[in-house]
Amino acid sequence: MHAADGVTRLRPEELPLARAFAGETVRDMEVVIVLPGRPRRHLLARGQAITHPDGRKLGAVVAFRDVSEARRAAAALAESERRFRTVVESMDEGVIITDLDDVIQHVNPSALALTGYALDELLGRAAFATLIPREAHGEFRERMRRRRRGVAERYEVEHVRKDGTRIWV
């Protein structure tokens, strides 16, 4: 049995059952089972001592929950997010990602260069209120309503740069 890093072998006194028998309450201790020719198994251990009503220690009990698939899914998601971020950050096109309430969640370097804003000036702000000319707010709000209903559209829209000049994107 190995520590959560999957490399360090646990000493006998570090094993969940030994810790529980020693009187420690073990909660969500991650261990890794490494067997030759088999995939690693990530387990969460919970355990505690079993005592007699008079206080004598009778033993200990430990339960394990296999979280291998969750760990693999989390690693795959992290890798997918890393690849996505690499692509978006290296694009020549400006990319501004908003949530369904039009709050800016991400801006790539090209979009910052196009708009003239610094990252901290855009993140967390409403895109339409910051970048869309006032006279186009009604049309943009209608697009947002369609977007919330799941309608995906491609369109060009005029943006107002930080210096007040306008650009079509």
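## A buried ring and its partner

Let's start with one side chain: Phe 128 is buried, its relative accessible area being 16%. This is a predicted model, and it holds 1 aromatic pair. The two rings in that pair are those of Phe 128 and Phe 140, which are tilted with 35 degrees between their planes and 6.5 Å from centre to centre. Because Phe 128 lies in helix H5 (residues 127-131) and Phe 140 in helix H6 (residues 137-148), the pair ties together parts that are 12 residues apart in sequence.

Phe 140 is buried too, with a relative accessible area of 9%. Buried here means under 20%, so Phe 128, at 16%, counts as buried.

## Helix H6

H6 is a good place to look next. This helix has 12 residues and spans 16 Å from its first C-alpha to its last, close to the 16 Å expected at 1.5 Å a residue. Its buried residues are His 137, Phe 140, Arg 143 and Met 144. Looking down the axis of H6, you will find these buried residues within an arc of 120 degrees, so they line one face of the helix.

What do the buried residues of H6 pack against? They pack against H5. After H6 comes Gly 150, which has a positive phi, near 95 degrees.

## Charges over rings

Arg 143, one of the buried residues of H6, has its charged end over the ring of Tyr 155, 3.9 Å from the ring centre. A lysine takes part in another such arrangement: the charged end of Lys 57 sits over the ring of Phe 21, at 5.0 Å from its centre.

## The nonpolar cores

The largest nonpolar core has 9 residues in all: Ala 3, Leu 10, Ala 20, Val 26, Met 29, Val 31, Leu 43, Ala 45 and Val 62. At least two residues of this core come from each of strand E1 (26-33) and strand E2 (41-51). E1 gives the largest share, 3 residues.

For a closer look, take Leu 43, a member of this core. Setting aside neighbours within four places in sequence, Leu 43 contacts Met 29, Glu 30, Val 31, Ile 33, Phe 64, Arg 65, Asp 66 and Val 67. There is also a second, separate core of 8 residues, among them Leu 112, Leu 122, Ala 127 and Leu 131.

Note on methods:
Residues numbered from 1 in each chain as written. Predicted model: local features only at pLDDT ≥ 70, side-chain atom pairs only at ≥ 80, totals over all residues. Heavy atoms only, no water. Phe/Tyr/Trp six-rings, centres within 6.5 Å; stacked < 30°, edge-to-face > 60°. Helix = DSSP H or I, 4+ residues; strand = E, 2+ residues; numbered from the N terminus. Buried < 20%, exposed > 50% of the residue type's maximum accessible area, 1.4 Å probe, protein only. Lys NZ or Arg CZ within 6 Å of the ring centre and 35° of its normal. Expected span 1.5 Å × (residues − 1). Arc of directions from axis to C-beta. Contact = heavy atoms within 4.5 Å. Core = buried A, V, L, I, M, F, W, Y, C linked by side-chain atoms within 4.5 Å.
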